[in-house]
Amino acid sequence: MFTTRPELVGDFGMVASTHWLASATGMSVLERGGNAADAAVAAGFVLQVVEPHLNGPGGDVPILLWDPKDEKVSVVCGQGVAPAAATGEALSALGLDVVPGTGFLPNVVPGSFGAWLLLLERWGTWSVADVLAPAIRYADKGHPLLGRVSSALETVADMFRTHWPTSAATWLPGGTVPRAGSRFTNPVLAATYRRVVDESEAAGGSREHRIRAARDAWYRGFVAEAIGAYCRTTEVMDTSGTPHRGLLTADDLAAWHPTVEDPVTFDYHGHTVCKTGPWGQGPVFLQQLALLDGYDLTAMGAGSADWVHTVVEAGKLAFADREAWYGDPRFTDVPVTALLSPGYNEERAKLIGDGASLELRPGAPDGRAPRLPHYPGAQDGAGAGTARGAAAGAGEPTVDASGEVRGDTCHLDVADSSGMMISATPSGGWLQSSPTVPGLGFCLSTRGQMFWVEQGLANSLRPGARPRTTLTPSFALKDGRPWLAFGTPGGDFQDQWTLHFFLNVVHGGMNLQEAIDFPEFHTTHMPNSFYPRDAHPGHVLLEDRHDPEAVAELRRRGHIVTTGDGWSLGHVSAVAREDGWLRAAANPRGMQGYAVGR
């Protein structure tokens, strides 16, 4: 099978990510004696600098890792929570029935910094100064600006000049949109990180004590104070068309801490797949596996009409359950065990027929009746209409229904020779979604737009709750041993593209690079998790490298099929440990992801 690049094989270390500079940074850490945690943290901070339209220091990150000492998979939750003042009543009083997609009102506590430093403290060996040094250099000395960053800035430049002057000062040097490939710097962010390093080093003591001092500088020191003051004193325009002050305070940052949790798991054909809890959409990957467990996908053949139809229809059922049941389990009772149970999925799988479903059909686990939100612009009882009027920069800037890539999120995988493996999906704090905080050089996460103002739902807005995100790194064990760390950007499509990659390997007999390069597809049937919550019932988008006969058969079965560019969907990267070797692969789509290793 043709591949765009080789699957990398070695035994020293592997790093794969959505940007070549991050991958190179992670590998340089391994080469200098750091472990996978050190490499992931350093690469993660570089991603914030070189992919600012996809993530930032004020964003979020869930992390899955295998520690060979503990011999288990752990989840580091870097998903910040809603401010104490963020209630449905507060937004209703402002005349809002949905959380805006941009500005201050959707801000949540920035969790990324805390999660990366917790990973460094508990599993790493390097100092804060060491892991931040590459990011500081790229922010201070510059990096080649991605074409997609320049394009994103072109779309929001007028809004920055008119409404968000702090963003214009940071992202429009000299008042103009920087061109693709130009050397771009962010000296204010470099200064922020230098001050964090200085306060860390000044604290003295053990490595762990200095890491905690850096975290305190962020959440209980000068960073929190600057964020709180800006949100309290400034009104900024958002997608509602009205300026609003923020709800996030310094006290909200001070009260938050990253956590370590056990993953949710499902056993499938000799593999144990590990995902975050239902505060992320991760379990929807497992639900799809549970629905597909009774089908002979190997006999169908990857990319066939039967394969695509069956996978798409299973996805529709699993994502419908996501809509009805997923939320922060500290605030809502998510029936995860029932959703993954054999009996429930055997009955649900009976709903997969020969034709394409146009309905959103959540199930009733344990006999509990599902409750769906009222979707903006809904045209039928399933809430599957299309909302219009999103402002520039609204929502997560991801892949739209036509297949156009607008950016979205990052991904990073690392494996070292000691046995440690890591999968992380940093996102949020996009330059185009919230104004740059003065004196800090970065933007805040607008992940709160994923909450519902409507109360009584699994994912209703509540103070201190985590929004049900789309961020979903993946980890799989084979026969109980660490095997595969993988993931992708892509909002609602993450647990479609990564599922297809996984099935390509397990049932298609492909190596990592073959599975990534294989023609991709996804459905936009389910409501979008981001403002303006649009949905396209029955729609399936396929890369045009699919067999035309398979495409015709899918249309005959009732799917509303669009074919897009042959290399446009999915940005999966992966590392694996198998047969005494480390392996890695990254996506050619987007022309910036790379895997490195030896």
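In what order do the seven strands of the open sheet that includes E7 and E19 run? In this predicted model, the order is E7-E4-E3-E11-E10-E2-E19, and the pairing is antiparallel. The edges are formed by strand E7 (259–261) and E19, each of which pairs on one side only. From one strand to its neighbour, this sheet turns by 15 degrees on average, with direction ignored.

Let's look at the E19 edge. Strand E2 (residues 13–17) pairs with E19 in the antiparallel sense, over four bridges. If you would like a pair of residues to find on screen, Val15 stands opposite Val596 in E19. Helix H1 (residues 20–31) packs on this sheet, where it touches E2, strand E10 (412–416) and E19. The direction of H1 makes about 160 degrees with that of E2. Helix H4 (residues 112–123) packs on the sheet as well, touching strand E3 (61–67), strand E4 (72–78), E7, E10 and strand E11 (421–424). The direction of H4 makes about 15 degrees with that of E3.

Now turn to another open sheet. Here seven strands follow the order E1-E18-E17-E13-E12-E9-E8, again with antiparallel pairing. Its edge strands are strand E1 (8–10) and strand E8 (264–268), and each of them pairs on one side only. Neighbouring strands of this sheet are turned by 20 degrees against each other on average, direction ignored.

Within this sheet, E12 and E13 run antiparallel and are joined by five bridges. One bridge to look for has Ser474 on one side and Phe486, in E13, as its partner. Helix H12 (residues 283–292) packs on the sheet and touches E8, strand E9 (271–275), E12 and E13. The direction of H12 makes about 25 degrees with that of E8. Helix H17 (residues 494–506) also packs on the sheet, touching E8, E9, E12, E13 and E17. The direction of H17 makes about 135 degrees with that of E13.

Strand E13 (residues 481–487) is a good place to zoom in, with Pro482 as the guide. Is Pro482 buried or exposed? Its relative accessibility is 8%, so Pro482 counts as buried; the cut-off for buried is under 20%. Setting aside neighbours within four places in sequence, Pro482 is in contact with Trp66, Met421, Phe475, Ala476, Leu477 and Arg577. To step from Pro482 to another part of the model, go to Arg207: the two are 275 residues apart in sequence, and their C-alpha atoms are 28 Å apart in space.

That brings us to a pair of helices. Helix H9 (residues 207–219) packs with helix H10 (residues 222–233) at an angle of about 15 degrees, and their axes are 3 Å apart. H9 and H10 are therefore roughly parallel to each other, since angles under 35 degrees count that way. At the contact, Ala217, Trp218 and Tyr219 in H9 meet Phe222, Val223 and Ala224 in H10. The residues of this contact divide into six nonpolar, no polar and no charged.

Charged side chains have their own story. Side chains of opposite charge can pair when their charged atoms come close. The count for this model comes to 31 salt bridges. Among them is the one between the side chains of Arg348 and Asp321, at 3.5 Å from N to O. This pair links distant parts of the chain, as Arg348 is in helix H16 (residues 342–349) and Asp321 in helix H14 (residues 305–325), 27 residues apart. Both Arg348 and Asp321 are buried.

Lys478 forms a salt bridge with Glu578, with the closest N and O atoms 2.6 Å apart. Lys478 is in strand E12 (residues 474–478) and Glu578 in strand E17 (residues 573–578), 100 residues apart. With a relative accessibility of 27%, Lys478 counts as partly exposed, and Glu578 counts as partly exposed at 24%.

A further salt bridge joins the side chains of Glu543 and Arg589, at 2.8 Å from N to O. Glu543 lies in strand E15 (residues 539–543) and Arg589 in the loop between strand E18 (581–585) and strand E19 (594–597), so the pair ties together parts that are 46 residues apart in sequence. Glu543 and Arg589 are both buried. Finally, Glu261, Asp328, Arg330 and Arg466 are joined into one network by salt bridges that share partners.

Terms used
Residues are numbered from 1 along each chain as its sequence is written. This is a predicted model: local features need pLDDT of at least 70, side-chain atom pairs count only at pLDDT 80 or more; totals for chains, interfaces and linings use all residues. Side-chain values use heavy atoms; hydrogens and water are left out. Helices (H or I, at least four residues) and strands (E, at least two) are DSSP runs, numbered from the N terminus. Buried means under 20% relative accessible area, exposed over 50%, partly exposed in between (1.4 Å probe, protein chains only). Contact means heavy atoms within 4.5 Å. Axes are lines fitted to C-alpha atoms, for helices over the stretch in contact, and angles run from 0 to 180 degrees between N-to-C directions. Angles under 35 degrees count as roughly parallel, over 145 as roughly antiparallel, 65 to 115 as roughly perpendicular and the rest as oblique. Ala, Val, Leu, Ile, Met, Phe, Trp, Tyr, Cys and Pro count as nonpolar, Asp, Glu, Lys and Arg as charged, and the others, Gly among them, as polar. A salt bridge is a side-chain nitrogen of Lys or Arg within 4 Å of a carboxyl oxygen of Asp or Glu. Two strands pair if DSSP finds at least two bridges between them.
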